[in-house]
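Visitor: Please take a close look with me at one part of the fold, the strand pairing. After that, I would be glad of a walk through the other places worth a stop.

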Amino acid sequence: MRPSPRALLCAQAAWRECFPLRGREVARWFPGHMAKGLKKMQSSLKVVDCVIEVHDARIPLSGRNPLFQETLGLKPHLLVLNKMDLADLTEQQKILQHLEGTGLKNVIFTDCVKDENIKQIVPKVTELIGSSYRYHRAENLEYCIMVVGVPNVGKSSLINSLRRQHLRIGKAARVGGEPGITRAVTSRIQVCERPLMFLLDTPGVLNPRIESVETGLKLALCGTVLDHLVGEETMADYLLYTLNQHGMLRYVQHYGLDSACDDIERVLKSVAVRLGKTRKVKVLTGTGDVNVIQPNYSAAAYDFLRTFRSGLLGPVMLDRDTLQDHPRPAQTPQRVG
């Protein structure tokens, strides 16, 4: 049951207008193996015909690594926005306009779990390679594609999905629900027979200079950073703030709360009690020891994040603020007469 409009307005009056970012930093979120991965990608470029960059459709405008464009920029480039099933794409056209304004004209939205739109990728890649100069690979009839992206956006899932669609065989690349599954540039994996196409899976690489703490938190919500590096309770607080700002109040019904709330401690306490994530603690008082039930806030925060990432709280567009700030494209004036 959705909260009534009156209850929603009363709750909104007490909600935070901005998320407190002071004192937080993201520099330590960049593991050392990522720098090695980027260097390995650069050294493999001479055998690559096209670069497929995979990113999370919930953050289509933020968190992408600009180093990909800088270091791999001479190759034809296709942006695949994966996990479209978890994203609110009501403003998809505005997203595409925004990306085109940054020079990205080749964009495909996908869901690698259900193989949605996967069949568009091989024809698009073939078209991009056909319209580019292949240098010393011009006489080579096979295509080699490098798959890049930040961690845990579905690069390995994309490879497996392409193999299912074009070769009718199972997975060749390991996948997982957390960043860091692929740690090195792998050997070539065939994904198509006609044309003969091989893909190189690569480790996820974050930008070592993430543009802002809020962008870092968006990336963390999407699972591109290991939770403990940011802090589950910090991420849960940012998630609660975001859900309330977007009017996405399914968490109230999902966890059986009395109403929407902007106090993360109260929410996590209710979640912990509902899930039985509590423990008895002895407290020494003036009259002796007293057993107190203490909520496990970390376990509650973990469940809150997992529920969001699985889509149970509804599709979301974490870059909604950027989209709202994006100006409409200028219209060409009509000639009269």
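**Strand 2 and beyond**

Guide: Let's start where strand 1 (residues 50–56) and strand 2 run parallel to each other, paired over six bridges. Two strands are said to pair if DSSP finds at least two bridges between them, and the elements themselves are DSSP runs numbered from the N terminus: helices are H or I with at least four residues, strands are E with at least two. Before we go further, please note that this is a predicted model: local features need pLDDT of at least 70, side-chain atom pairs count only at pLDDT 80 or more, and totals for chains, interfaces and linings use all residues. Residues are numbered from 1 along each chain as its sequence is written, and side-chain values use heavy atoms, with hydrogens and water left out.

Within the pairing of strands 1 and 2, isoleucine 52 has leucine 78 of strand 2 as its bridge partner. Strand 2 also pairs with strand 3 (residues 107–109), again in the parallel sense, over three bridges. There, leucine 81 is matched with phenylalanine 109 of strand 3.

How many residues of strand 2 are buried? Six of its six, counting residues 77–82, so the strand is mostly covered; buried means under 20% relative accessible area, exposed over 50%, and partly exposed in between, using a 1.4 Å probe and protein chains only. His77, Leu79 and Leu81 point one way, Leu78, Val80 and Asn82 point the other way, and all are buried.

Moving on from strand 2, you come to lysine 83, in the loop that leads to helix 4 (92–101). Its phi is near 65 degrees, a positive value in a residue other than glycine. Lysine 83 counts as buried because its relative accessible area is 18%. Arginine 168 has a positive phi as well, near 60 degrees, and it too is a residue other than glycine. You will find arginine 168 in the loop between helix 6 (155–166) and strand 5, and it counts as exposed because its relative accessibility is 63%.

Another loop, between strand 5 (189–192) and strand 6 (197–201), holds proline 195. The peptide bond leading into proline 195 from arginine 194 is cis, with omega near 0 degrees.

Two acidic side chains are good stops for anyone who likes polar contacts. Glutamate 142 sits in the loop between helix 5 (121–130) and strand 4 (143–149) and, at 18% relative accessibility, counts as buried. Its side chain makes a polar contact of 2.4 Å with the side chain of arginine 188. A polar contact here is a pair of N or O atoms within 3.5 Å; within protein, one must be able to donate a hydrogen and the other to accept it, and residues adjacent in sequence count only if both atoms are side-chain atoms.

The other is aspartate 262, in the loop between helix 10 (250–254) and helix 11. Aspartate 262 is buried, with a relative accessible area of 14%. Its side chain reaches the backbone nitrogen of arginine 16 at 2.6 Å and joins the side chain of asparagine 244 through a polar contact of 3.1 Å.

Next come two packed helices. Helix 9 (residues 232–245) and helix 11 (residues 264–275) meet at an angle of about 105 degrees, with their axes 10 Å apart. That makes helix 9 roughly perpendicular to helix 11. The axes are lines fitted to C-alpha atoms, for helices over the stretch in contact, and angles run from 0 to 180 degrees between N-to-C directions; angles under 35 degrees count as roughly parallel, over 145 as roughly antiparallel, 65 to 115 as roughly perpendicular, and the rest as oblique. From helix 9, Glu233, Ala236, Asp237 and Leu240 meet Ile264, Val267 and Leu268 of helix 11, where contact means heavy atoms within 4.5 Å. These residues divide into five nonpolar, no polar and two charged.

Let's finish with one more pair of strands. Strand 7 (residues 278–285) and strand 8 (residues 288–295) run antiparallel, joined by eight bridges. They form a hairpin with two residues between them, and threonine 278 stands opposite proline 295 of strand 8.

Technical notes. Nonpolar A, V, L, I, M, F, W, Y, C, P; charged D, E, K, R; others polar.
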